[in-house]
Amino acid sequence: MDRKPLRLRYYGDPVLRKKAEPVASITPEIRELIAGLFDTMYRQRGIGLAAPQVGVPKRIFVVDVEGADGERAKLALVNPRLLLWTGSVIAEEGCLSIPGIHADVKRHAEVTFEGLDEKGAPVTVRAEGLLARALQHELDHLDGVLFIDRLSAIRRKLLEPKLARMQAGESEKSAPSASTSPSF
C-alpha cells in the first residue's frame, strides 16, 4: 500500500504547543496514522514521533529504540499516561521538530507508562535508559511541551538566535545533525 507521507512540523508551528486530545477509539484511521508515524519517524531517522509533530493533535506516539536490556522496543502508545517514576538522569536529546539543536535534559531514570496499543489493548510499559527518555520526550509533545522548555534559562538564552531563525523558517529543516544523540 502506498501511504501518503506525513509532513513533519517544525519549531514555531502552533500545533506543537497545543495539548493533544484523547483518542476516543482505535479506528482504521488511527491505525493508519500510527503506521504513518512509524514511516515518518524512520524516514527522518528518529527514534520517536508524536502525532502533533505531524500536525495531528491526538494523544498518540510511536517509539523504536533499544531498551536497557538490549531488546528492541518498538511500540505505539495511544492515550499514554505516566504512572510511576524514580530517579533522575541527565543526557543529551534532540528533536525531529527542532533540527540541529541538541542539549542535556534531566528526565526520570525509570518510568512506568500505561495506555493502549495500536489494536486498542491495554498495555503497561516499564522502561529505563533511552526508552524511558524517549517515552517522556514523546509524552511532553502530547502536552505541548518541547525539550527546549526543560533547559536552564541561560541555555535557552544562548539558543534564542537559532530558535528565532528557525521560527522564521530560515534554517535548513532537513540538514543532518553533527550530534550522535538520538532525535525524537
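**Notebook: rings, cores and salt bridges**

I began at K74, whose charged end sits over the ring of F38, 4.7 Å from the ring centre. The model is a predicted one, and I read every entry below with that in mind.

*Aromatic pairs*

I looked up the aromatic pairs and found two in the structure. In one of them, F38 and Y42, the ring centres are 6.0 Å apart; the planes meet at 25°, under the 30 degrees that count as stacked, so I noted this pair as stacked. F38 and Y42 are four residues apart in helix α1 (residues 28-43), which puts about one helical turn between them. I then checked accessibility for both partners. F38 has a relative accessible area of 10% and is buried, whereas Y42, at 36%, is partly exposed.

The other pair is F61 with F113. Their ring centres lie 6.5 Å apart with the planes at 85°, so I entered the pair as edge-to-face. F61 belongs to strand β2 (residues 60-66) and F113 to strand β4 (residues 98-116), so the pair ties together parts that are 52 residues apart in sequence. Both F61 and F113 are buried.

*Helix α1*

I went back to the helix that carries F38. α1 has 16 residues and spans 22 Å from its first C-alpha to its last, close to the 22 Å expected at 1.5 Å a residue. Its buried residues include I30, L33, I34, L37, F38 and M41. I asked what the buried residues of α1 pack against. They pack against β1 (48-50), β2 and β3 (72-95). After the helix comes R45, with a positive phi near 60°.

*Nonpolar cores*

Next I listed the largest nonpolar core, which has 20 residues. F61, V63, L77, F113, L131 and L135 touch the most other members. Both rings of the edge-to-face pair are thus on that list. The elements giving two or more residues to this core are β2, β3, β4, β5 (122-128) and α2 (129-142). Which element gives the largest share? It is α2, with six residues. I followed L131 further: leaving aside neighbours within four places in sequence, L131 is in contact with V63, V65 and A73. A second, separate core has 18 residues, among them Y10, V54, V62 and L96. For context, I noted that nonpolar side chains tend to be buried together in soluble globular proteins.

*Salt bridges*

I found twelve salt bridges in the structure and wrote up three.

D143 and R59 form one, with the closest N and O atoms 3.1 Å apart. D143 is in the loop between α2 and α3 (153-167) and R59 in the loop between β1 and β2, so this bridge ties together parts that are 84 residues apart in sequence. D143 is partly exposed at 29% relative accessibility; R59, at 11%, is buried.

R150 and D140 form another, at 2.6 Å from N to O. R150 sits in the loop between α2 and α3, and D140 in helix α2, ten residues apart. Here the acidic partner is the buried one: D140 has 8% relative accessibility, while R150 is partly exposed at 44%.

In the bridge between R156 and D149 the closest N and O atoms are 2.9 Å apart. R156 is partly exposed at 27%, and D149 is partly exposed at 30%.

Last, I traced how the bridges join up. R150 and D140 belong to a salt-bridge network with E93, R107 and R133.

Note on methods: Residues numbered from 1 in each chain as written. Predicted model: local features only at pLDDT ≥ 70, side-chain atom pairs only at ≥ 80, totals over all residues. Heavy atoms only, no water. Phe/Tyr/Trp six-rings, centres within 6.5 Å; stacked < 30°, edge-to-face > 60°. Buried < 20%, exposed > 50% of the residue type's maximum accessible area, 1.4 Å probe, protein only. Lys NZ or Arg CZ within 6 Å of the ring centre and 35° of its normal. Expected span 1.5 Å × (residues − 1). Contact = heavy atoms within 4.5 Å. Core = buried A, V, L, I, M, F, W, Y, C linked by side-chain atoms within 4.5 Å. Salt bridge = Lys/Arg side-chain N within 4 Å of Asp/Glu carboxyl O.
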